[in-house]
Structure formats: C-alpha cells, structure tokens
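Visitor: I'd like to learn how to read strand pairing and annotated spans in a model like this one. Could you walk me through it?

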Amino acid sequence: MADIVLDKVSKRFPDGTTAVQDVDLEIADGEFVILVGPSGCGKSTTLNMIAGLEDISSGELRIGGERVNDKAPRDRDIAMVFQSYALYPNMSVRENMAFPLRLAKLDKETINQKVDEAAKVLELTALLDRKPANLSGGQRQRVAMGRAIVRQPKAFLMDEPLSNLDAKLRVQMRTVVSRLQKQLGTTTVYVTHDQTEAMTLGDRVVIMRGGAVQQVGPPQELYDHPRNLFVAGFIGSPSMNFVHAVVEDGRLRTALGDVPVGDRIRRELEAGDAPKELILGIRPEHFEDAALVDDETRRRGMEFEAPVDIVESMGSDKYVYFTVEGERASAAELEELAADTGAADFAGGGSNLVTRLSAESSAREGETRRAWFNLEKIHLFDPGSGRNLTLQEGRSAGALAD
Amino acid sequence: MAVETTTRAKVRWGLLDVVVVVFALVPVLWIASLSFKTPATLTDGKFWPREWTLDNYRTIFDTDQFVRALVNSIGIALIATTIAVVLGAMAAYAISRLDFPGKKLLVGVSLLIAMFPQVSLVSPLFEIERQLGLFDTWPGLILPYITFALPLAIYTLSAFFKQIPWDLEKAAKMDGATQAQAFRRVIAPLAAPGVFTTAILVFIFCWNDFLFAITLTSTERSRTVPVALQFFTGESQFEDPTGAICAAAVVITVPIILFVLFFQRRIVSGLTSGAVKG
C-alpha cells in the first residue's frame, strides 16, 4: 500500500500531440480516486503512465515516495484490471489468478492458499478449473479482479472495468468493486467515462478535458460547486440546463425573464473586461411547479411561463421538458460535451429545458405551464473562459450573493 | 419452405464438393494404382490393378539413389522450415506490435521477394553458389528456401499475431512478467496455431520445390526427391521405370500427409476466445 503522486506529469506523442498536460495529483494511501472525462481526454493515458505501460514525457511520478518514472511495470508492484479483462485464454481461472504469484516465484502451497482466498472473496471458488471461454462476462470480470487482488499490490489501477457489462450487472459490480476496495483498503485509481460511476464510487473525482485536470474533489463538491462550464455540464444526470443570458443594466436578460443579480456579481460584471454575455446554469432539481411552491420559498427564486413539451413520470418525481425560445447557449465546452454524448446530432431548433418537478405537479404535455426556479442555486458562466462567476472561494453562492 | 431450400442447397453443395474432390484425387489414386501394377499390366488402362505387386517399392528402396534423396529432402526441408518459422515469428511479432522506422519498407520488400519470378533468379544463383562453394550442398538449397519462404511466413504469422489482443501482453507485464516471459508464456502459446500453419505451408513449399533443386544440385550429395525422380532409370537402359517412379511418387507424398496430420491437431481455431470481452 502506498500513496501515488503525480508531479506535473505530461505525455507528448512523437507526432507532436499532447495527450496529458501538467497533471498534478496526490492520491493518499488507501484512497479511491476516479479519473473521468469524455473520450480522448487523457484519462487512460494517465493511468497507463502510472502503470508504466506508457513513458512519461516530463514530470515525476512517485509511488510510496519513490520516483518510478523509469521503472518497468513489474517493478512498480501495482495491479491493473483492463477494460477487455485480458484473461489468458490458454489458462484456467486458477492458473490465471496464480500467474502473478508464479512469476513472483512463491512456493506452490502459498500460491494455492492465496488463490483460494481471493476466489472466496470474489465467489469464484466453483469456477477455478474453468477456462475463460466458458465464463460469462460478469464472471470474467471477477476473474480479472481476482488476478489483481491476489498478490496484494501497492495499488490497483482499473481501466473502465465495467464498461463491457450490461447495465444491470454494471450496477451490481459497482457495489462489488466499492466493497472490495473498502475491505482491502488499497489505493485505487479508476478510469471511467461514465459520470454515474464516478459519482457513486470515488472518494475523490478528477475531471479531465483535453489532457488537463479541470477539477478535483469529492463527488458532491463537484456537483454543487463546479469550477467551470465543463465540469457543470459533465457531472449530473440529466445534465445541467444552460440558458443564454445578456448583461443589461445590471440585470441578465434571458429567455426565462430578467434575472436579478447580487452585488458581488454586479461588481464583477461592471469591470472593464467583463463578458457582455453569460451562460446561466440551472440543475433540473432546482425547478419546481410554481403552483406547488410556498410563499417563503417563492421569494428565493423567480418564475417563468413556457409550453410543456414532454412529461416523463418517474414515480418519485416528474421530468418535465419545457420549450424555451431565444438564443441557444453556446460555448466550446458545451459543444464538446454534446459531441461526446452524441446529442449534437439531434438537437433541434430552440432549446429544451429539463426540469425535475414534484410528482404532485399536474403539468400536461402541450399546455403552457408556470414554473419556478431557485436563484440561490444557479450558476453563471463566462462563455469565453468557461469560468464559474458565482464561485467564491470554491463555494457556489448563487446569483444573488452580496 | 426454408427447410426444403436448405436441403436442396446442401445437396447442391455436396455434389459440387464431390466433383472437386474426385477431380483432385483421381490422378493421385491413378499414381497409387500404377505403383502396384506389374510391368506387364502397366499399360492395360485399368484403374484397378489386375495383379498386385510390391516389386516397384522394393526396387526404389534397393537403389541407394532414392533413399539418399529422401534423406536430403527431409533434412533440407526440416532445417529450412525451422529457421524460416523462427525468423518469421520474430519479424512478424515486431511488425504487428512495434512501430519502428522502415517497417513499411520491410513489409514491402518481403512482398516483393514473394512476387519475384523465381525462374529468373536461377542462373545468377547458380553462378553465385558456384563461386561461394555452396553449389550442390545442403546450405546451398536451404538458403534460397529460407529466402523465399520468409515472406510467406512473415505474412501468415503477422496475421496471427495481430489477432492476439495486445492487452494480454500488457496484463502479463503488469502481473510481473518480463518482455521475454510475456512472449514465452502468454503470446507464444496463443500463436501456436499460426506457427504450425506456417510450418506446414513452408514445409510443403520446400518439399515440393523442383526448380532450385535441379539447378543448384548435381550429385546425390544434396539432390532432393523431386529431382531424383527425374533421374530415375530402370535396371537397364531399356527398361521402363514408370512403375518405380509411381512408387516413389507415392512414397514422397507420405511425409507430407504425416506432417499435416501431425500438426493439424494443433491448429485449433478459436483458441483465443474468452481472452477479452464477452
């Protein structure tokens, strides 16, 4: 067991592209850290550099306080679980799990004992004599994990280990991974492109984009206090709504009406180089059916009227999609996010607002409905830099903060 | 309806297969039949010998010439195959796994060699080997065989190596294996079917070669069987050695058949299934 420190680690490929740029990251002993981001953001390259499968172009990587830049993977004492599982097809499950121990030249008795132990933890005992070809996807995944835990390495690296499983099994295995990590207390770095996995599994989440770290923090902090537009749009499902806003006379003109701003934001907007257009970010759960809001709550937000496009009843609450007129919010980050989810292909004209209302709401498709949203929870982003203007010392205070 | 169509399709394909097999096998069977006939009945035009005899086989094994050629053939083909497969495996592994400068050139050149008309190289090779003292020796045949078998070996083997998921090698390295251990314990066992397939192809190429064998040899010191057959004569100048030649032809197909049968069992398709994904 050991801590892992990345000190300005970069990866440049011979053709000149930079896959990872100056990543600083300190992973404490026993911590479960998730690297998350859209495809091509450098998360897998970062993991491969920690593993030793890719050379580090510049910067320093320390495992357990020791510089390991030039060490071969086998001298780093870390185990890796691959997205493809990478089981050795010519070996049985037992031989697969024993392989790292045999290479470490342990005696037969110890090997058997360790394999049996690991198999018991992962409920693989009955499958030990089978070949990987005769296992289901979930079983193969467990064998891959077994092969990693069997030699008690300093750290686990997991490269999208659940992405080849079907949705139901993935949720199940998520809890298995989580429990296993807590039980063993081994430092773990986990790569995924699925923000739900990132939110549910990690002690801390590292969001990457274009080879650079965007924000590092516990899942809830990233959700509540996103540092920029990219983080805000990436974390959360359904994702945050983004509305185009124009700064005019100390107010924000938007398709949802004029949004008042507090003193602090106003001061910032009055500065010479302040952006004249902003992007307003509102999470779906910060909307409510105006008819269901009590007066005290009503004062903290504002209301607007819009036609209801679609109503999805989830039982516990309702997802109501409003159609709003006006210019679509646009920024490089948003386009990148849309491209990653494939949403760019079918976004029609106008923009859709996703809201999560109480189940009691009587909103019906086709009607025009009055809705309320919480001004204390909204975020304001600079479309140019993507920076969250509402963030003060790392905390988001909403638009009204003084 | 669907069932009827499939049955009809099966019958059609079956008939087609039978035609192909008969077309390919009749000459072979004819040779075998001739080899069992006595000189008197040799030209009777009957497919089935009226009088069976093993005299032809006795004749060829009595002559030193044939046995010596058989030894030459087996030795030369086996050595050339071994070297070509080992070199080919290393080259193919590098081609499929590494990005090195000149990779395209290497692949291109090996393809060029494979396409080169061999008959045009015969005279220069003859001159070169005479100068170097390689003429009429085992290495004199083994070297050109390796040269012309290598492109074949590289192409077949790199196709097999490309099928092996690279993740397996990475996994082995993470599990604590050196590069050599990863190759020997993980990659090589999975590439075995490819290696055996290649070995069979190369062996057949060396075994069957007539062109190089007839130009680069002059005595039975290194003459191989296909050439030895050509020089076959009867006990006297006027005797017709057809029966003996047929017997020899049957004998030299036997090692090929044995070789294929022996390695065929190892060519199990789908050996890599279960390595990755589901």
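Visitor: Let's begin with a single residue: which residue in β8(A) is the bridge partner of A:F32?

Guide: Keep in mind that this is a predicted model. To read a pairing, pick a residue on one strand and look across to the other. Here A:F32 has A:T188 as its bridge partner in β8(A). Zooming out, β3 (residues 32-36) and β8 (residues 187-192) of chain A run parallel and are joined by 5 bridges.

Visitor: Where do β3 and β8 sit in the sheet order?

Guide: Read the order from one end to the other: β6-β7-β8-β3-β9-β10 in chain A, an open sheet of 6 strands with mixed pairing. The edges are β6 (78-81) and β10 (212-217) of chain A, each pairing on one side only. From one strand to the next, the twist averages 20°.

Visitor: And how many residues link β12(A) to β13(A) in their hairpin?

Guide: For a hairpin, check the link and then the pairing. The link here is 2 residues. Strands β12 (residues 251-254) and β13 (residues 257-260) of chain A run antiparallel, with 4 bridges between them. For instance, A:R251 has A:P260 as its bridge partner in β13(A).

Visitor: What does UniProt list as "transmembrane region" in chain B?

Guide: Take the record's span, then compare it with the model. The unreviewed UniProt entry lists several for chain B, including residues 12-32 and 105-126. Residues 12-32 of chain B are 100% helix and 0% strand, with end C-alpha atoms 30 Å apart. For residues 105-126 of chain B, the figures are 73% helix, 0% strand and 28 Å between the end C-alpha atoms.

Note on methods. Residues numbered from 1 in each chain as written. Chains lettered and ligands numbered in written order. Predicted model: local features only at pLDDT ≥ 70, side-chain atom pairs only at ≥ 80, totals over all residues. Heavy atoms only, no water. Pairing = 2+ DSSP bridges. UniProt positions renumbered as here; feature names shortened; annotations may be inferred. Axes fitted to C-alpha atoms, helices over the stretch in contact; angles between N-to-C directions.
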